[in-house]
Amino acid sequence: GGSEGVDEGGIDGGVKGGVEGGVEGGNEGGKEGGTLGSIEGGKEGGIEGGIAGGIEGGVDGGVEGAAEGGVEGGVEGGDDGGGSNGGGVEGGIKGNIEGGVEGGIEGGIEGGMEGGIGGGIEGGVVGGIVGGIEGGIEGGTLGSI
């Protein structure tokens with residue numbers, strides 16, 4: 001009778017201890033994995049998003065700035081050139097082209113920088129958050145297992 005009781009008690013205790021240990025270990029591993037995964041994913045996502053956003057913003061801003069600057073510079077240059085030449089058509093055309101080119105280059109550079117910085121920050125933040133969440137879920141699941 002005694003040995004039967006010992007066997008039974010041993011099995012029960014083993015099962016209980018195994019379940020408790022499994023839950024505890026799973027929780028701890030999940031927490032650790034979730035934290036590490038979140039940090040890693042956030043870093044990666046932030047860098048990737050920042051680069052992508054910076055490029056996109058830079059291109060968009062550059063195109064927009066160049067178009068705007070070109071038009072403005074062209075109009076200004078045309079007025080100046082035409083006026084200084086006694087309203088001459090030739091001076092107006094020359095001034096228009098020169099002003100347009102200058103304005104376009106300036107506007108393109110300015111717009112590109114502005115757009116690049118804005119896009120980089122935005123992309124970095126969004127990428128960081130998304131990467132952090134994704135990495136946290138993945139790391140938490142793996143760590144828990």
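In which helix does E68 lie? E68 lies in helix α1. Good morning, colleagues. Before I go further, please note that the structure before you is a predicted model.

Let me begin with the helix just named. Helix α1 covers residues 2-84. E68 within this helix is partly exposed, because its relative accessibility is 47%, which falls between the limits of 20% and 50%. E68 also belongs to a negative surface patch. The other members of that patch are E56, D60, E64, E72, E76, D79 and D80.

Directly beside E68 in the sequence we find G69, which is likewise placed in helix α1. Is G69 buried or exposed? With a relative accessible area of 13%, G69 is buried, because the limit for that class is under 20%. Leaving out residues up to four places away in sequence, G69 touches G103 and G104. A further glycine, G91, stands 22 residues from G69 in sequence, and the C-alpha atoms of the two are 20 Å apart in space.

I turn now to another glycine of helix α1, namely G30. G30 has a relative accessible area of 15% and is therefore classed as buried. Which residues does G30 contact, once neighbours within four places in sequence are set aside? They are G140, G143 and S144. The separation of G30 from A67 is 37 residues in sequence and 53 Å in space, taken from C-alpha to C-alpha.

Let us move to helix α2, which runs over residues 89-144. Two isoleucines in this helix deserve our attention. One of them is I109, which is found in helix α2. I109 counts as exposed because its relative accessibility is 52%, and the class requires over 50%. I109 is also part of a nonpolar surface patch of about 710 Å². Alongside I109, the patch is made by V89, I93, I97, V101, I105 and M113.

The other isoleucine is I133, again in helix α2. At 51% relative accessibility, I133 too counts as exposed. How far apart are I133 and E28 in sequence and in space? The two are 105 residues apart in sequence, whereas their C-alpha atoms are 18 Å apart in space.

To close, I would ask you to locate two places in the model. In helix α1, please find the buried residue G69 and its contacts G103 and G104. In helix α2, please find I109 and the nonpolar patch to which I109 contributes. Thank you for your attention.

Notes: Residues numbered from 1 in each chain as written. Predicted model: local features only at pLDDT ≥ 70, side-chain atom pairs only at ≥ 80, totals over all residues. Heavy atoms only, no water. Helix = DSSP H or I, 4+ residues; strand = E, 2+ residues; numbered from the N terminus. Buried < 20%, exposed > 50% of the residue type's maximum accessible area, 1.4 Å probe, protein only. Contact = heavy atoms within 4.5 Å. Patch = residues over 30% accessible without salt bridge, like charges linked within 9 Å, V, L, I, M, F, W, Y side chains within 5 Å. Areas by Shrake-Rupley, 256 points an atom, 1.4 Å probe, with all protein chains shown as cover. Salt bridge = Lys/Arg side-chain N within 4 Å of Asp/Glu carboxyl O. Lys, Arg positive; Asp, Glu negative; His and termini not counted. Charge placed at Lys NZ, Arg CZ, Asp CG, Glu CD.
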